[in-house]
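Here are a few exercises to work through with the model open in your viewer. Try each one before you read on.

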Amino acid sequence: MSLLTVDGLSVRDQAGTSLVDDVSFTVEPGDRTGLIGESGSGKSLTALAVTGLLPAGLTASGEIRLGGVDMIRASERRRTAVRGRVASVVFQEPLTALDPLMPAGRQIAGPLHRFQGLRGDALRNAVRAALDEVRLTDTDRIARAYPHQLSGGQRQRVAIAMALACRPELLIADEPTTALDVTVQAEILDLLDRLVATHGTALLFITHDLPVVANVARQAYVLRAGRVVESGPTLDIIERPTDPYTRTLVESARRFDAALGRDRD
Amino acid sequence: MLRYLLRRTAILLVSLVLAAVVLFLLLRLLPGDPVNALLPVGATPEQIEAARRELGTDVSLPIQFLNWLRDAGTLDLGRSLISTLPVGPEIVARLPVTIPLTLSAFVLAVLVAVPVGVLAAVRADRWYGLILNAVAQLGIAVPAFWLGLLLITVFALRLQVLPAGGFPPDGWSEPGAAIAALVLPVGTVALVMSASLIRYVRAATLEVLGADYLRTARALGESPASALRRHGLRNASVPVIAVLAVELATTFLGAVVVESVFALPGLGSLLVTGIRQHDYPVIQGVMLVSTAAVLLVGFLGDIVQRLIDPRLLQRGAS
Amino acid sequence: MSRRRSLTLAVGLTLVLIPAVAVIVSFFWLPFSPDDTSGGRLAPPGDGHLLGTDKLGRDLFTQLLLGGRIAFATGLGAVGVGGVLGVSLGLLAGFATRWLDDAAAVALDILIAFPTLLLAMLIVAGAGASLGTAILAIGFGLAAVVARLTRVLVKQVLSREYITAARVAGISWPRIVATHVLPNIGPVVLVNLALQTGLAVLAEASLSYLGLGTPPPNASWGRMLFEAQATVLTAPRAAIAPGVALIALVIGVNLTADGLRDLADPTRRRSR
């Protein structure tokens, strides 16, 4: 059975406007899938719908099966049971995604305790190990620090550590590097890439940045105005885009690279 | 944190002195020579001069202030112009009524307002959430004295289960009677206070419910209730604590009106009487004590806020 | 604007406008003369007395209308005084820098430490009880709260980039205040003032109840309540009527303020 099946997902707001229109895709265990689109394409809403966390006022229709549970129609209790255990999320803006009044260590300890049942010394060691894994080596200081005392990149690493502490089968990364400095972006992407490979986690990577997706995801879906306009292996999309919109995306990326004087495949 | 403590304590002390200055000026600059309260019409200049010396108004204003400050520092708050009794002990005698009244009402209001406010926020889309909000809306429009009157009418006059006013002359040596006398006043103040507190708690909780970190908690498998408990309450408490400090301050002498309704011999009624009689040593003494209490509560509130939210320590001013 | 918010505004305005109209009419016509004590003491409704009479035999409804005049006068007057004074002080404080700013912050906090009612009581104590004094006194009390809010808002606006841009372009401070600062802080301050109106009305009622407000024979709702206390069991009307009038007016003002707040800032995430 697929890890995640999205079939004919549509998201509408209260006025009836369609924000996501008949989107379908699947994610198998261990897959690396990308959702590409500009702002307003509905990609983040899709991710929220998948976890059953759409903001109030928006309704989803269609079918979403995550870990076997219908994330649109199931009760809140069943959906809560799926979150974290089957799929966890890393969000775009780490400053607001972390609890501002809780030290980083405690925030990581939360999922460690909940999903791996750790406590006391074992828990403390696990927190340190988690911080090590995301390359935050000054573990004691970082564990005690509040989010506002950390840099953007450090916060996002903490967020990744929290998400992985759930030992999920699927990690959903919603534009995880967009809010970070360019120099830090590459490090975070590399980190994600490695961790996902190490743990065998499936990855659903959402971004507007085509080159990023090329390095991270094996297949991709291009969204525009809420609809899937192209899909397939990432390399195929980049080298032989069939949809005109996808073509313009690829063209812009190539022009940018050429301006930087870099060769890209 | 230590640096903030020192700075905040300095501000507290400066505020106390400044408040004393403001009080002093407010009263001294009011029209009417206090001597007139003491002497009959047609007094001789010598008598007036003697009275002035007695009152201490024969020296210049700044010296008057320093004298008063020195006296206040040694807890000598002067004597009432009307009764000639010393003000300090008079204030102390009133505390066994005002302090239990204020504190009990405050605690009761918080115990009611926090659960109700949180419920009103979490269930803001259900009908009973709306009702709770409407009730709070109603509550802040109700004048305390009207509510007091209503409670007296129902419980004291109609049902006759509680006294309509007054406080046992022996005070707390009759604990049963003292408590009975305070039930309705405490209830009145608590109800009025909780109405406005509910609105603040509700607003703070709504703010938190929409926050990103709550969404992260849910995304990592926390139930809505657990997420709210673990993350929401702490974050919502900071603005609420700021409000609580102000509300406690307001209660302290807002109970003034309630003491009048229930004829309680507390600090508030002492103040009202002093104002009616232009007895300014009394007015000054009571206002100084209550202002000091208010400033102290504000000080404690600021400290507690910063214990919970260290971000507040970073921004410059308090 | 959502339906619920427009309902709030509608209900609020109704609760305010009905008494407002009644009060305006009262300047041209009253059911009975205010001094007319012929009705018999604490008589029940009848004989042209809509609500009966008070303990002196005066028509209760007429007294209610007179009290309404005072309530509106105080509400509008105190908020006017408090608004002008508070915004001016707040503007000055908002522009102050460094230690002057710290001093201003401390000064405002001290003033707020005196609850409005108390400040008003003190001023009335010295200056004598009258409607004008009460309005001024309550206005001063409100001014401190408004000043503090204004100061915070002004600081926020001043830190925005378009202010720097305007200065670089050589625009004078007074023009910046008029064209950028005031329009930006305006909505929030006005809504706050609207909310304070309810507090002002309640403060006046409390003052009158304590005997420190408008002196008799001018009726204030607070004073009416005080006078009705002794006979509350035999003639509850005299106590209920002014209380209900007060509550209704204050609810109306608050609902109107809430509705205005949603109008002023439709981007508020916080609904309802």
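**Exercise 1.** In this predicted model, find the open six-stranded sheet of chain A and work out the strand order.

Solution. Walk across the sheet and you get β6-β7-β8-β3-β9-β10, with mixed pairing. Next, look for strands that pair on one side only: those are β6 (87-90) and β10 (227-233) of chain A, the edges. For the twist, ignore direction: neighbouring strands here are turned by 15° against each other on average.

**Exercise 2.** Zoom in on β9 and β10 of chain A: in which sense do they pair, and over how many bridges?

Solution. Strand β9 covers residues 219-224, and its pairing with β10(A) is antiparallel, over six bridges. To pin down the register, start from Val222(A): its bridge partner in β10(A) is Glu230(A).

**Exercise 3.** Does the radius of gyration of chain A agree or disagree with that of a compact globule?

Solution. Start with the rule: for 265 residues it gives a value near 18 Å. Chain A comes out at 19 Å, so the two agree. As for extent, its C-alpha atoms fill a box of roughly 55 × 50 × 35 Å along the principal axes. Then check the packing: 44% of the residues in chain A are buried.

**Exercise 4.** Describe the side of chain A that touches chain B.

Solution. Count first: chain A puts in 23 residues and chain B 16. Then map the chain A side onto elements: β6, α3 (94-97), α4 (104-116) and α7 (152-165) each supply at least two residues. Finally, sort by class: twelve nonpolar, six polar and five charged.

Note on methods. Residues are numbered from 1 along each chain as its sequence is written. Chains are lettered from A and ligands numbered from 1 in the order in which they are written. This is a predicted model: local features need pLDDT of at least 70, side-chain atom pairs count only at pLDDT 80 or more; totals for chains, interfaces and linings use all residues. Two strands pair if DSSP finds at least two bridges between them. Helices (H or I, at least four residues) and strands (E, at least two) are DSSP runs, numbered from the N terminus. Axes are lines fitted to C-alpha atoms, for helices over the stretch in contact, and angles run from 0 to 180 degrees between N-to-C directions. Two residues are in contact if their C-beta atoms, placed from the backbone, lie within 7 Å. Ala, Val, Leu, Ile, Met, Phe, Trp, Tyr, Cys and Pro count as nonpolar, Asp, Glu, Lys and Arg as charged, and the others, Gly among them, as polar. The radius of gyration is taken over C-alpha atoms; the globule rule is 2.2 Å times the number of residues to the power 0.38. A residue is buried if 20 or more other C-beta atoms lie within 10 Å of its own, exposed if 12 or fewer, and partly exposed in between; C-beta atoms are placed from the backbone.
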